[in-house]
Amino acid sequence: MKRLLALLLVLVLSISLLAGCTPAAPAETPAETPAETPAETPAETPAETPAEPAASKIAKVGLGQNISIAKSKDKGVDANGNEVLATAQADVTIAAVGFDADGKVASVTIDVAQTKVAFDADMKVTSDKESEVKSKKDLGAEYGMIKASSIGKEWYEQMGAFEDWMIGKTVDEIKALKVKERDESHKNVPDVPELTSSVTITVESYIAAVEEAWNNSVDATGAETVGLGVETHINKSRDAGTDANGNAVTAQAQMDTYMAATAFDKDGKVVAAIIDSAQVKVPYDAEGKVATDKTVEGKTKVELGPDYGMAKASGIGKEWFEQIEALQAWMVGKTIDEINGMKVVERDASHPSVPDVAELTSSVTITVEGYLAVVTEAFEMAR
């Protein structure tokens, strides 16, 4: 019995010792939460730098033209014996073209000054000599092509489509246009899908003018737009009759077409100006027949160069082309308002607007109102 009690006592003591050796469970420790780390601060970013302005799409500007009097008519009778009165006609085709750095057309405007001077049976001028003659684009719907057009489009609409087709093409690509002969008067009508439904006019003279614009192009760095200005007058045409000395004078039509291709920057200032004048004369003999070769292409004053013959009558000894070059150079960097604000002086009845500014008095003695007018129109029509 005593032995049993002793064993129980030993067992109780062993259990107590084991219980005392077991450590108490620690209080629950949450996962360590680091102090808040601020988001990484990037290196200082400079204020946004504006992108460089896009380079101008126009690198060069050119003026091209061609002149024909082939449609001028003699006085006479037709196949039915009916009287035909003399009519002089000058067709001056003009193109102002902007080219990009790769020689592709970036802007193009084409127009035609189709000017007629009519005479009566006595070879007196019956056309209004004091009115300015409108170009085909100026005439718009008044030109009257739509009633004879198989596609129901006016000349200006067809030309607009042809101009759009040229954009992005080189002169060689434009010259390679596939064409067809529609009739004797339409030998070069476009024959490509892009134009067959929009252009039925014959286009050889327009392509020739664009090619000449490329050949004569000048630098126009910084230009954003190019415009064409055209103005035509017939006031110097004369009747048949006698002069102050009683000498016989034959009739002559004279058509003066001023033209300007002008490039402008984003602020409307002139980057480059090309001005020319087609002084087209159609002389008649005593019988009312055209007294010059109608098949020869006419030349502008710039193309005539020294042959124009102004130097010998010039008070400053300069030819027309030299004087117009000086005027063009003076315009560069100026706005249209500044150009039209030029101070002028009347030299005589034929020269009412001669420059009277220090930069031009020794280089320009021609009257300039017509040239300022076409540069102004170029600005208004620029694209």
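**Exercise 1. Place T232 in this predicted model and describe its surroundings.**

Begin with the secondary structure: T232 has its place in strand β9, which covers residues 225-233, and the coordinates used here come from a predicted model. Next, turn to accessibility, where the relative value for T232 is 1%; because buried means under 20% relative accessible area, T232 counts as buried. Then look at the contacts beyond the neighbours within four places in sequence, where T232 touches A113, T115, E132, V133, D256 and T257. Finally, examine T257 in that list more closely, since the side chains of T232 and T257 are joined by a polar contact of 2.9 Å.

**Exercise 2. Decide whether E184 is buried or exposed, and find the partner of its side chain.**

First locate the residue: E184 belongs to the loop that runs between β6 (179-180) and β7 (189-190). The relative accessible area of E184 is 62%, and because exposed means over 50%, E184 is classed as exposed. As for the partner, the side chain of E184 makes a polar contact of 3.4 Å with the side chain of K187.

**Exercise 3. Classify the ring pair F162 and W165, and describe its setting.**

A search of the whole structure returns 7 aromatic pairs. In the pair made by F162 and W165, the ring centres are 5.8 Å apart and the planes meet at 5°, so the pair is stacked; the cut-off needed for this step is that planes under 30 degrees apart count as stacked. The next step is to place the two residues, which both lie in helix α3 (residues 155-166), 3 residues apart, or about one turn of the helix. Their accessibility follows: F162 is buried with a relative accessible area of 0%, and W165 is buried with a value of 10%. A last step adds a charged group, for the charged end of K169 sits over the ring of W165, 4.5 Å from its centre.

**Exercise 4. Classify the ring pair Y258 and Y371, and state which parts of the chain it links.**

The geometry comes first: Y258 and Y371 are 5.1 Å apart centre to centre, with 75° between the planes, and form an edge-to-face aromatic pair. The pair links distant parts of the chain, since Y258 is in strand β12 (residues 252-264) and Y371 is in helix α9 (residues 369-381), with their positions 113 residues apart. Y371 is buried, at a relative accessible area of 5%. To complete the picture, ring pairs link Y258, W320 and Y371 into a cluster.

**Exercise 5. Describe the chain overall, and identify a stretch that calls for caution.**

Start with the elements: the protein chain has 9 helices and 15 strands. Of its 383 residues, 39% count as buried, while the accessible surface comes to about 21,400 Å², with 53% of it belonging to carbon and sulfur atoms. Among contacts with a separation of 6 or more, 64% are between residues 24 or more positions apart.

Confidence is the remaining step. The mean pLDDT of the chain is 89, and 85% of the residues reach 70 or more. Over residues 1-48, however, the pLDDT is below 50, and this stretch has 0 contacts in the model beyond near neighbours in sequence. Where pLDDT is low, the predicted coordinates should not be read in detail.

Technical notes. Residues numbered from 1 in each chain as written. Predicted model: local features only at pLDDT ≥ 70, side-chain atom pairs only at ≥ 80, totals over all residues. Heavy atoms only, no water. Helix = DSSP H or I, 4+ residues; strand = E, 2+ residues; numbered from the N terminus. Buried < 20%, exposed > 50% of the residue type's maximum accessible area, 1.4 Å probe, protein only. Contact = heavy atoms within 4.5 Å. Areas by Shrake-Rupley, 256 points an atom, 1.4 Å probe, with all protein chains shown as cover. Phe/Tyr/Trp six-rings, centres within 6.5 Å; stacked < 30°, edge-to-face > 60°. Lys NZ or Arg CZ within 6 Å of the ring centre and 35° of its normal. pLDDT = per-residue confidence, 0-100. Polar contact = N/O pair within 3.5 Å; in protein donor to acceptor, adjacent residues only side chain to side chain.
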